[in-house]
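Please open the model in your viewer, show the chains in separate colours, and keep a selection tool at hand. The tour below goes from stop to stop, saying at each one what to select and what is there.

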There are 2 protein chains.
Amino acid sequence: MAAVAGPEIERLIQLLARMPGLGPRSARRAALHLIKKREQLLGPLAEAMRVAAERIVVCSACGNVDTSDPCTLCADPRRDGSILVVVEDVSDLWALERAQAIKARYHVLGGTLSPLDGVGPGDLNLDRLVARVAEGEIREVILALNATVDGQTTAHYVTDLLSPHGVTVTRLAHGVPVGGELDYLDEGTLVAALRQRTAI
Amino acid sequence: MAAVAGPEIERLIQLLARMPGLGPRSARRAALHLIKKREQLLGPLAEAMRVAAERIVVCSACGNVDTSDPCTLCADPRRDGSILVVVEDVSDLWALERAQAIKARYHVLGGTLSPLDGVGPGDLNLDRLVARVAEGEIREVILALNATVDGQTTAHYVTDLLSPHGVTVTRLAHGVPVGGELDYLDEGTLVAALRQRTAI
């Protein structure tokens, strides 16, 4: 592309295009929108990003991202320290917190085992998980992993890894999503939902 | 949403959600992506935005955005100063420049006349357009406006506005888009393409 404007705008567009959900065309549109809203959006966003880049750290206990270490969730004394929810990614942690599903502690693996992608146990935050469980306070480990092949492989691996420590390992229920229609569900989900039916 | 992490991350998500093409959910995803790529993406993007917010100005001649005033295009002596391409928005200027369609000067109106949306002549960069034409160097004004009702209304208005100045006013050709299939084109375009047929 010929340089339409100064290199500053080109650089902004190039960096924006590397954000998820933005391609080259939408990055240009976003850049123009930002430039037009210089005072209200571009300046504040630049500052928010600078602060985030400077202050955000990975929690050494659970793998969450926050501006403090240990993170807000690990430091919160009102959370149940006897339950540990294992998730694949910080986004899963956020999803569970948005749902206000449980007031427990978390552990972020940072991925799932995937032999095809070359992700082995050494690439995940597993040593720290075993160390936390070995401390003895945790009674139950809930594996809140994706219901994919890789997620389930990881769940089995973690279960084996934790079995010597005498901790209860559970996983999320399979079933019909709330608001979901049976007609649109796959057979695996229907079979699981029937098998794990509950009394009314 | 419950505060999952510190207010710095929440603020970043909120500002990202105000970018075009990003909603609340994709803003969270983008924020997490940026946080994970702190060194490679978040820091540089923050800096690029800061520089842009600080240095980008609107060209007082044509309405383009750039880091200099007059902008790179207005200051370029190799451009044909006798042709002025009138566009609705900076994004249209960028599109024409990407296509390397013409080496002329531009004039950005900053919108189109739209009585329904309350956009009148006073809201557009029209006085400056008339002043530029009145200077006498410009021989042809090309109205590169959208082929929408508002765009065409604006084209007629600008044509009337410039008629006392003895300048040639032209507009973009209507026709079959390059690579387009006749079967998918609307009737208006087909009629226009036939009417404006050219000798091979």
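In which helix of chain B is the place of B:Thr189? Select helix H8 of chain B, residues 187-195, and B:Thr189 will be found within that helix; bear in mind, here and at every later stop, that this is a predicted model.

**First stop: B:Thr189**

B:Thr189 counts as buried because its relative accessibility is 18%, and the cut-off for that word is under 20%. Add B:His174 to the selection: this residue is 15 residues away along the chain, yet its C-alpha atom and that of B:Thr189 are separated by 6.6 Å. If neighbours within four places in sequence are left aside, the residues in contact with B:Thr189 are B:Gly175 and B:Val176. Now show side chains, and a polar contact of 2.5 Å appears between the side chain of B:Thr189 and that of B:Asp186.

**Second stop: B:Asn64**

Move next to the loop of chain B that runs between strand E1 (57-58) and strand E2 (65-66), where B:Asn64 lies. Is B:Asn64 buried or exposed? With a relative accessibility of 0%, B:Asn64 counts as buried. To see what surrounds this residue, select its contacts beyond four places in sequence, which include B:Val57, B:Val58 and B:Cys59, and then add B:Cys71, B:Leu73, B:Val90, B:Leu93, B:Trp94 and B:Val108, which are also in contact with B:Asn64.

**Third stop: a pair within helix H3 of chain B**

Select helix H3 of chain B, residues 38-55, and pick out B:Arg50 and B:Glu47, which lie three residues apart in that helix, about one turn. An α-helix has 3.6 residues a turn, so residues three or four places apart point the same way. The side chains of B:Arg50 and B:Glu47 meet in a salt bridge, with 2.9 Å from N to O. Both partners are partly exposed, B:Arg50 at 35% relative accessibility and B:Glu47 with a relative accessible area of 40%.

**Fourth stop: the interface of chains A and B**

Now show both chains together and select the residues that meet, 53 of chain A in contact with 54 of chain B. About 5100 Å² is buried between the two chains, and carbon and sulfur atoms give 73% of that area. How many salt bridges does the rule find across this interface? There are four across the interface, whereas the count over all chains comes to 14. Select A:Glu8 and B:Arg55 to see a salt bridge whose closest N and O atoms are 2.9 Å apart. Then select B:Asp89 and A:Lys36, whose side chains meet in a salt bridge at 2.6 Å, N to O. This pair crosses between chains, from the loop between strand E3 (80-87) and helix H5 (90-98) of chain B, where B:Asp89 lies, to helix H2 of chain A, which holds A:Lys36. B:Asp89 counts as buried, its relative accessibility being 17%.

The rule also finds 10 residue pairs in polar contact across the interface. On the side of chain A that touches chain B, the elements giving two or more residues include helix H1 (7-16), helix H2 (24-36) and helix H3 (38-55) of chain A. H3(A) gives the most, with 15 residues, and the residues of this side divide into 32 nonpolar, eight polar and 13 charged.

**Fifth stop: helix H5 of chain A**

Hide nothing yet, but select H5(A) and colour its buried residues, which are A:Val90, A:Asp92, A:Leu93, A:Trp94, A:Leu96 and A:Glu97. What covers them includes E2, H4, strand E3 (80-87) and strand E4 (104-108) of chain A, together with helix H1 (7-16) and helix H2 (24-36) of chain B. At the start of H5(A), a side-chain oxygen of A:Asp89 reaches to within 3.0 Å of the backbone nitrogen of A:Ser91. After the helix comes A:Gln100, whose phi is positive, near 45°.

**Last stop: A:Arg78 and the domains of chain A**

Select A:Arg78 and A:Asp76, which form a salt bridge with their closest N and O atoms 3.2 Å apart. A:Arg78 is exposed, with a relative accessible area of 71%, whereas A:Asp76 counts as buried at 10% relative accessibility. Finally, colour chain A by its domain assignment, which gives domain 1 (7-55) and domain 2 (68-199); the C-alpha centres of these two domains lie 34 Å apart.

Conventions:
Residues numbered from 1 in each chain as written. Chains lettered and ligands numbered in written order. Predicted model: local features only at pLDDT ≥ 70, side-chain atom pairs only at ≥ 80, totals over all residues. Heavy atoms only, no water. Contact = heavy atoms within 4.5 Å. Buried area = accessible area lost by both parts, 1.4 Å probe. Polar contact = N/O pair within 3.5 Å; in protein donor to acceptor, adjacent residues only side chain to side chain. Helix = DSSP H or I, 4+ residues; strand = E, 2+ residues; numbered from the N terminus. Nonpolar A, V, L, I, M, F, W, Y, C, P; charged D, E, K, R; others polar. Domains from an automatic or database assignment. Buried < 20%, exposed > 50% of the residue type's maximum accessible area, 1.4 Å probe, protein only.
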